[in-house]
Amino acid sequence: MKTATKLNNIQVLRAFAATVVVVFHTGFAFPFMRPFGSFGVDVFFVISGYIMARILDPDDERGADFFFRRRILRIVPPYWFFTLLLYLAALRVPQLMGATRASVSELLKSLFFIPFSKGSGLIQPLLFIGWSLNYEMFFYLALSIGLLISKRRAIWIGALLVLATMLACWPLAVHSTAAQFYSRDIVLEFLLGILSYYLCRTISDATARKLRIAALFVCFASALLLIAMQGYLSPSVLPFNHTRVLNLGIVAFLLVTSASLLSQGGWDTRIGWLVLIGDASYILYLIHPYCEYSLDRILGAHYHWLKRESATGALAGVTLSIVLAVLVHLYCERPTVRFLNNKFGGKRRSVEFSIPAASGR
């Protein structure tokens with residue numbers, strides 16, 4: 001697949017990953033199941049590794065131009081906006097914020113992606129779901145250092161830096177919050193995404209077409225297995241119950257790889273509304289706590305059926321989050337990203353929200 005085209009299947013996986021995270025944060029559990037969906041972050045990390053490898057493909061070195069600048073312009077503005085909004089809320093109604101405090105030092109650490117422990121003991125920024133963005137920015141920084149050393153080998157240098165940092169942080173984890181944070185094996189899921197891209201890259205389009213049925217089976221089976229592993233299976237029965245990357249990461253790798261092969265083989269999704277939710281997945285990830293919290297604490301106090309743990313409340317929270325995310329994406333995020341990239345992102349045209357081209361090399 002040409003590196004300048006968007007893969008619809010990957011966007012649908014983004015929609016899936018974001019939606020299950022939204023469901024997870026409602027606290028709702030289906031009958032005979034535990035709450036599930038946090039594995040959406042694992043899928044996001046594998047996708048991120050895949051996409052970054054695709055952007056930095058040495059056969060298309062234009063992808064390396066202004067790489068870190070464009071990542072900043074894509075990630076930072078909406079994250080800063082919603083973090084500052086939460087900070088102002090903590091100033092005005094601190095009694096509703098739980099472990100989130102209107103602390104200037106915690107605000108600055110959150111804005112600049114520095115891990116710290118909140119009052120709850122969890123290593124989270126003010127906007128709690130931003131913990132995953134700390135890992136994302138760490139990954140982008142490692143790749144940017146790789147680009148300074150060698151454009152053609154940037155992805156592998158960045159991968160080695162991620163691995164070296166994780167190993168170096170292990171013995172320091174008991175003494176440092178940051179070391180504890182970056183010693184977690186979840187960072188290896190970025191490397192699984194890189195491997196996914198290069199595995200697909202070695203497979204020809206003709207071979208991918210022959211593998212379509214098998215890839216379709218693996219794609220659906222992987223998604224269902226992720227749900228089963230969190231919703232049904234006790235962590236104690238999993239083969240690697242203390243190793244996230246070997247449980248959730250490997251299955252997410254299979255999910256992303258099979259979806260990519262389906263695109264390469266000509267079975268790229270044409271369901272526009274699913275692709276649109278995938279395009280809006282970053283905004284959905286950022287705003288869903290606001291949507292769910294508002295329904296639960298404000299309306300749920302008067303209408304019990306809107307409490308987020310209930311089936312109707314969870315459905316309302318997920319629906320509201322998706323609708324608002326799509327609207328914000330279409331009328332705020334998309335034009336803002338284009339404007340910022342045109343002004344500050346360099347000359348190369350952005351393909352963040354481009355219309356996908358036909359399959360082929």
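A residue counts as buried when its relative accessible area is under 20%, as exposed when over 50%, and as partly exposed in between (1.4 Å probe, protein chains only). Take F82: its relative accessibility is 10%, so F82 is buried. Before we go on, keep in mind that this is a predicted model, where local features need pLDDT of at least 70 and side-chain atom pairs count only at pLDDT 80 or more, while totals for chains, interfaces and linings use all residues. Residues are numbered from 1 along each chain as its sequence is written, and side-chain values use heavy atoms, with hydrogens and water left out.

Let's stay with F82 and look at rings. Rings of Phe, Tyr and Trp (its six-membered ring) pair if their centres lie within 6.5 Å; planes under 30 degrees apart are called stacked, over 60 edge-to-face, and the rest tilted. Searching the whole structure turns up 22 aromatic pairs. In one of them, the ring centres of F81 and F82 are 5.1 Å apart and the planes stand at 80 degrees, so this pair is edge-to-face. F82 also pairs with Y290, this time tilted, with 5.6 Å from centre to centre and 45 degrees between the planes. That second pair links distant parts of the chain: F82 sits in helix α3 (residues 67-92) and Y290 in helix α13 (residues 281-299), 208 residues apart. Helices here are DSSP runs (H or I, at least four residues), numbered from the N terminus. Unlike its buried partner F82, Y290 has 21% relative accessibility, so Y290 is partly exposed.

Now for a bigger gathering of rings. F45, F67, W131, Y135, F138, F139, Y140, F181, Y182 and F190 make up one aromatic cluster. Y140 has a charged visitor too: R71 lies over the face of its ring, 5.7 Å from the ring centre. A charge sits over a ring if NZ of Lys or CZ of Arg is within 6 Å of the ring centre and within 35 degrees of the ring normal.

Some of these residues turn up again where two helices meet. Two packed helices are described by the angle between their axes and the distance between the axes. The axes of α2 (residues 40-55) and α5 (residues 131-149) come within 11 Å and cross at roughly 20 degrees. Axes are lines fitted to C-alpha atoms, for helices over the stretch in contact, with angles from 0 to 180 degrees between N-to-C directions. Angles under 35 degrees count as roughly parallel, so α2 is roughly parallel to α5. On the α2 side the contact (heavy atoms within 4.5 Å) includes F45, and on the α5 side W131, Y135, F139 and Y140 are among the residues taking part.

What is unusual about the backbone, given that F32 is not a glycine? F32 has a positive phi of about 65 degrees. You'll find F32 in the loop between α1 (8-26) and α2, and at 82% relative accessibility it is exposed. F113 also has a positive phi without being a glycine, near 60 degrees. F113 lies in the loop between α4 (104-111) and α5, but with a relative accessible area of 12%, F113 is buried.

F113 leads us back to helix α3, where V76 lies. V76 is buried, at 8% relative accessible area. Leaving aside neighbours within four places in sequence, V76 is in contact with R71 and F113. The C-alpha atoms of V76 and F113 are 9.9 Å apart, although 37 residues separate the two along the chain.

Methods. Helix = DSSP H or I, 4+ residues; strand = E, 2+ residues; numbered from the N terminus. Parallel < 35°, antiparallel > 145°, perpendicular 65-115°, else oblique.
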